[in-house]
Amino acid sequence: MSSDVTVRLLVLYLAYCASSHCLAAEPAPAIRFATFNIQELSWPKLQQVDETGRGSHPQLVAAATILQQIRPDIVLINEIDYTGPVDADGEPPAGKDAAAEFLRRYLAVPRAGLEPLAYPYRFYAPSNTGTPSNIDLNGDSKLDGPNDAYGFGRYPGEYAMVLLSRFPLDAAEARTFRKLLWKEMPGNLLPDGTAGKPAFYSPQSMNVFRLSSKSHWDVPVTIGGRAIHLLCSHPTPPIFDGPEDANGRRNHDELRFWSDYLAGNPKSEWIVDDRGRRGGLAADAEFVLLGDLNSDPVRSEADYGRRPIEWVLKDARVKDLQPTSPGAAEQSNPQNLSDYLPYKTSNFGRLDYVLPSKGLAVGGTGVYWPAQGEPGAENAWLASDHRLVWVDLKLP
């Protein structure tokens with residue numbers, strides 16, 4: 001072939017490629033989803049400021065620094081105060097908004113030379129914690145104790161949740177299940193004295209007792225025209241109770257809720273959200289399930305046939321990525337659970353999860369827990385008794 005022909009063919013090929021027929025496809029951007037239980041992120045802590053008005057509480061500064069370093073695009077924060085109306089889904093009153101205070105006084109302020117974080121979208125809704133039931137739920141002849149609330153709490157909104165996002169959250173289509181009664185779950189473990197279960201809660205209690213200790217949320221987020229359902233919750237710890245195992249039973253059923261929600265009909269027919277809509281998640285819906293779920297896949301007891309977290313981890317629609325960290329790995333004991341400890345997200349075990357649906361492409365995952373002596377290790381311990389967990393999803 002002559003050089004002139006070769007040149008002409010090359011010109012034609014380049015012209016063809018310039019029309020985008022053979023341009024390499026750009027890699028899908030990685031969108032980072034995270035969950036972070038910031039221990040007792042309370043209104044009083046948020047009021048601690050320096051002379052310039054910037055947040056100065058050491059724990060919250062450490063948490064904000066971690067968030068600015070990991071830079072999640074979407075993050076669920078557990079244990080933040082909900083300071084809005086207890087029985088309304090509106091925005092908190094002006095001048096008292098814990099989520100806005102954390103954004104303004106901590107995340108919007110550069111920490112350790114890092115860039116500030118901004119989240120233009122959020123979902124911040126009431127929690128059962130500390131919300132009075134006006135019934136003596138625990139049988140101590142009192143009506144106003146933290147155990148007489150719909151979820152344990154010393155004041156309304158303690159230990160609540162907020163979703164922060166760089167992408168639009170569809171509040172109009174969001175579903176909350178805060179008021180769903182525990183007794184409505186088929187085959188529930190409610191200690192009501194039936195089917196061999198302990199007789200702990202009175203008939204009056206069972207008529208008001210809610211399944212969710214905080215709330216369960218399904219909040220759609222739109223990324224590039226694509227809807228991803230954010231399934232959020234923070235089940236009660238399965239401890240701090242008596243032989244009736246009320247908290248252990250509730251933790252089990254709060255996690256089983258997600259299994260029924262993902263299964264569709266007939267298993268999800270009993271589920272009714274706070275606006276009266278019945279049923280679970282569509283079979284073709286994509287999702288990320290996240291939160292401090294207070295259940296470990298190894299150390300949690302399997303008192304009711306399976307460990308509670310198995311309702312989620314072994315669900316056919318869920319992808320369990322099992323992220324590790326140097327901080328957890330250094331606690332590994334070759335003689336005891338050596339293949340498990342690297343997955344811990346707290347000293348109590350693996351409790352915090354970001355679990356995508358199986359159809360979503362994963363770019364990476366991790367737990368923020370540096371080894372002792374490494375940069376950031378001190379912040380990890382100071383910020384919380386839990387560690388931030390993140391997953392990168394490739395969403396074209």
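This report walks through a predicted model of one protein chain, from the whole chain down to one helix, one strand and one arginine.

**The whole chain**

Let's start with the big picture. The protein chain has 396 residues, and 53% of them count as buried. Its secondary structure comes to nine helices and eleven strands. If you take the contacts between residues at least 6 apart in sequence, 73% of them join residues at least 24 apart. As for the outside, the accessible surface is about 17,400 Å², and carbon and sulfur atoms account for 53% of that.

**Helix α4**

Now zoom in on α4, which spans 98-107. This helix is mostly covered, with eight of its ten residues buried. Those buried residues are A98, A99, E101, F102, L103, R105, Y106 and L107. What sits over them? The cover includes the helices α2 (43-46) and α3 (58-70), along with the strands β1 (30-41), β2 (74-80), β3 and β4 (160-165). At the N-terminal end of α4, D97 acts as the cap: one of its side-chain oxygens lies 3.2 Å from the backbone nitrogen of A99.

**Strand β2 and its partners**

One of the elements covering α4 is β2, and this strand is itself well wrapped up, as seven of its seven residues are buried. β2 pairs with both β1 and β4. Here is how the two pairings look:

| Strand pair | Sense | Bridges | Bridge partners |
|---|---|---|---|
| β1 and β2 | parallel | six | F36 and I77 |
| β2 and β4 | antiparallel | six | I77 and V162 |

I77 is handy for finding your way around here: it is the bridge partner of F36, and its own bridge partner in β4 is V162. A general point to keep in mind while you look at these strands: side chains in a regular strand alternate between the two faces of the sheet.

**R111, just past the helix**

Follow the chain on from α4 and you get to R111, in the loop between α4 and β3 (121-123). Is R111 buried or exposed? Its relative accessibility is 9%, so R111 counts as buried, the cut-off being under 20%.

Which residues does R111 touch, leaving aside neighbours within four places in sequence? The contacts are G55, V61, A64, T65, Q68, R105 and Y106. Two of these, R105 and Y106, also appear among the buried residues of α4. T65 is 46 residues away from R111 in sequence, yet their C-alpha atoms are 5.5 Å apart in space.

Key
Residues numbered from 1 in each chain as written. Predicted model: local features only at pLDDT ≥ 70, side-chain atom pairs only at ≥ 80, totals over all residues. Heavy atoms only, no water. Helix = DSSP H or I, 4+ residues; strand = E, 2+ residues; numbered from the N terminus. Buried < 20%, exposed > 50% of the residue type's maximum accessible area, 1.4 Å probe, protein only. Contact = heavy atoms within 4.5 Å. Areas by Shrake-Rupley, 256 points an atom, 1.4 Å probe, with all protein chains shown as cover. Polar contact = N/O pair within 3.5 Å; in protein donor to acceptor, adjacent residues only side chain to side chain. Pairing = 2+ DSSP bridges.
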